[in-house]
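Take a look at the protein shown here. This short report walks through its folding elements, its surface and its side-chain pairs.

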Amino acid sequence: MFRIAKNIVKTFEQTVSDTVSGNSNKLDAFFQSIPPNLITSQFNIDPNTDFNLPNNANEVISGLRIIYVEEWQLQLQSFFDYIVGINDLPLPMYTNNYGFMYPDYNAILNLLNDSVSSGHIKLNIWSVKGGNYRDEYLSLQPKDENDMDSISLDKPTTTTAAGINITPMFQSLGIKVQWTPLIASTFTYHILQLNIPNGPAQVTGLIPDEDYIIGCQDGLLATGGNELLPDVIRSRANQSLVLYIYNKVSDSVRPITVNIGPDGRLGCNIGYGFLHRIPSVRNTSGVNDKIQSTHIENTLPPVSDSSFVPSAFTPALNTTTIDPALNSATIDPIASAIAPPPRSGKKKKHVHSTANAMNDYFNEGVDPRTQRTTGNTPEVTPPPIIQH
């Protein structure tokens, strides 16, 4: 049954992907936010005349993935951001001897040097989080010729294919990049449900629906695939494994060390595919308000506090729950103050007569305990006087 349900979900995900993306030679919906002119250059296609991508386009389209960011560089995010263009133009590319397209880093360096005079450069960024596209402007600071750090002992210059030396004329951008296919960003595993009490997933604090496994030690999940993670977990039975977890609520990444048991199970259900990719960052503007309101509620005085005075709208306590064996000294004075007055044991019958109606009118609001009744109705015994 589980295999049948799994195949149904896989078929549904494939149907959704085909519906959104179209035919197999069309671009995946996750990448359609990227302007076409930034993509077609990787296939030597003119977007103005022809936009028929090859069947393997979704596996081939690549970008400069941010793999390291300095602390002061807050505009870019490592692992999640790809540089897919510069100044709204596609990345300079060249074809190697094997017919594969690669970025021309020398041409990119020339673009950066030419932009030093303007003081900034525009990077076209595609983000893994929801497949969103945006522009970022990076500041370019010229190098100080008198600064000794301006000359690198390892790579003082860059040599082009023509043998011309290119020297960077700008200070460090604070990032490191790697040419990576965009499809690698979809190799994520969604934590759906914890199914083993005190299992490895529960012990390490994995959160259902919020957490995504985006990486593993030694790059064991780099190739992706529906069965890759279970295979890696089984191969690490009785061993520890470092996983990198992304949380969509806190928008943060944390490493965890999982101690796999002898059964080779992680202890949770995993979702993989089109419906389990990293979503866009949710607006958390109301989170602080919720935390603040919770803090205010926690600062209210408790009900048992002596300084707390019941509101005028507080309902009267049910006096039938008070044990008659308790003496008056043990009764809560606040509860006694709001309790209703005692009633007589017998209930009078209402007689529809004019005389009784007039008596009821004049006796309205008068304490019945202070009046004596006439006729066959016995008198109401007044409450005993308690000597303090």
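The protein chain has 8 helices and 15 strands. Keep in mind that this is a predicted model. The chain holds 388 residues, and buried residues make up 30% of them. How far apart in sequence are the residues that touch? Among contacts with a separation of 6 or more, 65% are between residues 24 or more positions apart.

**The surface**

The accessible surface of the protein chain is about 25,800 Å². Carbon and sulfur atoms hold 55% of that surface. One nonpolar patch covers about 510 Å². Which residues make this patch? They are Tyr94, Tyr98, Phe100 and Tyr102. Phe100 sits in the loop between β4 (93-95) and β5 (101-103).

**Aromatic rings**

The count of aromatic pairs comes to 7. One of them joins Phe31 and Trp126. Their ring centres are 5.4 Å apart, and the planes meet at 70°. That angle makes the pair edge-to-face, because planes over 60 degrees apart count as such. Phe31 belongs to the loop between α1 (2-21) and α2 (57-60), while Trp126 belongs to strand β6 (residues 120-127). The pair therefore ties together parts that are 95 residues apart in sequence. Are these two residues buried or exposed? Both Phe31 and Trp126 are buried. They also belong to one aromatic cluster, together with Phe30 and Tyr82.

Charged side chains meet rings too. Arg65 lies over the face of Phe79, 4.1 Å from the ring centre. Lys176 places its charged end over the ring of Tyr68, at 5.2 Å from the centre.

**Salt bridges**

Side chains of opposite charge can pair when their charged atoms come close. The structure holds 10 salt bridges. Three of them are set out below.

| Salt bridge | Closest N to O distance |
|---|---|
| Asp251 and Lys129 | 2.6 Å |
| Arg254 and Asp211 | 2.6 Å |
| Asp218 and Arg236 | 3.9 Å |

Start with Asp251 and Lys129, which form a salt bridge. Asp251 lies in the loop between β13 (240-247) and β14 (252-259), and Lys129 lies in the loop between β6 and β7 (133-139), so the bridge ties together parts that are 122 residues apart in sequence. Asp251 is partly exposed, at 26% relative accessible area. Lys129 has a relative accessibility of 5%, so this residue counts as buried.

Next comes the salt bridge of Arg254 with Asp211. Here Arg254 is in strand β14 and Asp211 is in strand β12 (residues 211-216), so the pair ties together parts that are 43 residues apart in sequence. Arg254 is partly exposed, with a relative accessible area of 25%. Asp211 is buried, with a relative accessible area of 0%.

The side chains of Asp218 and Arg236 also meet in a salt bridge. Asp218 is in the loop between β12 and α5 (228-235), and Arg236 is in the loop between α5 and β13. These residues are 18 residues apart, and the pair links distant parts of the chain. Asp218 has 63% relative accessibility, so this residue counts as exposed. Arg236 is buried, at a relative accessible area of 16%.

Some salt bridges share partners. In this way Asp81, Arg134 and Glu136 are joined into one network.

**Two buried residues**

Look at Ser127, which is placed in strand β6. Ser127 has a relative accessible area of 6%, so this residue is buried. What does Ser127 touch, not counting residues up to four places away in sequence? Its contacts are Phe80, Asp81, Asn132 and Arg134. Asp81 and Arg134 also appear in the salt-bridge network.

Now turn to Val69 in strand β1 (residues 62-69). Its relative accessible area is 19%. Why does Val69 count as buried? Buried means under 20% relative accessible area, so a residue below that cut-off qualifies. Leaving out residues up to four places away in sequence, Val69 touches Leu76, Gln77, Ser78, Gly174 and Ile175. Val69 and Val177 are 108 residues apart along the chain. Their C-alpha atoms are separated by 9.3 Å.

Definitions and conventions:
Residues are numbered from 1 along each chain as its sequence is written. This is a predicted model: local features need pLDDT of at least 70, side-chain atom pairs count only at pLDDT 80 or more; totals for chains, interfaces and linings use all residues. Side-chain values use heavy atoms; hydrogens and water are left out. Rings of Phe, Tyr and Trp (its six-membered ring) pair if their centres lie within 6.5 Å; planes under 30 degrees apart count as stacked, over 60 as edge-to-face and the rest as tilted. Helices (H or I, at least four residues) and strands (E, at least two) are DSSP runs, numbered from the N terminus. Buried means under 20% relative accessible area, exposed over 50%, partly exposed in between (1.4 Å probe, protein chains only). A charge sits over a ring if NZ of Lys or CZ of Arg is within 6 Å of the ring centre and within 35 degrees of the ring normal. Contact means heavy atoms within 4.5 Å. Accessible areas come from the Shrake-Rupley method with a 1.4 Å probe; for residues, only the protein chains shown count as cover. Patches are made of residues with over 30% relative accessible area and no salt bridge: like charges are joined within 9 Å, nonpolar side chains (Val, Leu, Ile, Met, Phe, Trp, Tyr) within 5 Å. A salt bridge is a side-chain nitrogen of Lys or Arg within 4 Å of a carboxyl oxygen of Asp or Glu.
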